[in-house]
Amino acid sequence: MNPAPIDAHEPWMRGLHADTGYLLYRLGLRSGQLFNASLQESGLRLRHYAMLRFLATTQGTLQRELSARLGYDPSAIVGLVDDLEEAGFAERRPSPDDRRSRIVALTEDGRGFLRDTDEAGLRVTAELLGPLDPKEQETLHALLLRIAEPGLT
């Protein structure tokens, strides 16, 4: 018995490049690859950098809150904080409210690392968005922020 022929006009047969979700996924992969390459010398990755950038906006955050705030699996947070602590970019402190909890805070070395790598981040973004003019880049950013905002809080 031969299977029925595939109808190329079926909606589910559209090409991958016609799927916005897939394009966003691929752009995210490409962005991560470029950024990880720029961080290669430091031994850190984009996930570490994102955590440092988040910590720079706080006086310290409970370790268990980092998972929810960054969207990372809780089991990954411990290892990421360990890596940052080993590099001297973050430190754990006891929480004043609950001595069993730990607050993770950015160190001065972590701030310096962020300053030093900020230019690399701008270069990666410029490479990714190079095909767009500045107005299109602003529009894309605003649209992505609007889509992502519910998951960022």
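Which residue in E3 does Leu62 stand opposite? In this predicted model, the residue facing Leu62 is Ile103 of E3. The two strands involved, E1 and strand E3 (residues 102–106), pair in the antiparallel sense over 2 bridges. They belong to an open sheet of 3 strands, arranged in the order E1-E3-E2 with antiparallel pairing. E1 and strand E2 (90–94) are the edge strands, each pairing on one side only. Helix H4 (residues 74–87) packs on this sheet, where it touches E2 and E3; the direction of H4 makes about 115° with that of E2.

A short walk back along the chain from E1 leads to Thr58. This residue sits in the loop between helix H2 (46–55) and strand E1 (61–62). A polar atom of the Thr58 side chain lies 3.1 Å from the backbone nitrogen of Gly60. The side chain of Thr58 also meets that of Thr61, in a polar contact of 3.3 Å.

Attention now turns to the nonpolar interior. The largest nonpolar core has 22 residues, and those with the most contacts inside it are Met51, Leu52, Leu55, Leu66, Leu84 and Phe113. Two or more residues each are given to this core by helix H1 (20–39), H2, H4, E3 and helix H5 (108–129). H2 provides the largest share, 5 residues. Met51 offers a handy view of the surroundings: with neighbours within four places in sequence left aside, Met51 is in contact with Leu66, Leu70, Ile77, Leu80, Val81 and Leu84.

Methods: Residues numbered from 1 in each chain as written. Predicted model: local features only at pLDDT ≥ 70, side-chain atom pairs only at ≥ 80, totals over all residues. Heavy atoms only, no water. Helix = DSSP H or I, 4+ residues; strand = E, 2+ residues; numbered from the N terminus. Polar contact = N/O pair within 3.5 Å; in protein donor to acceptor, adjacent residues only side chain to side chain. Pairing = 2+ DSSP bridges. Contact = heavy atoms within 4.5 Å. Axes fitted to C-alpha atoms, helices over the stretch in contact; angles between N-to-C directions. Core = buried A, V, L, I, M, F, W, Y, C linked by side-chain atoms within 4.5 Å. Buried < 20%, exposed > 50% of the residue type's maximum accessible area, 1.4 Å probe, protein only.
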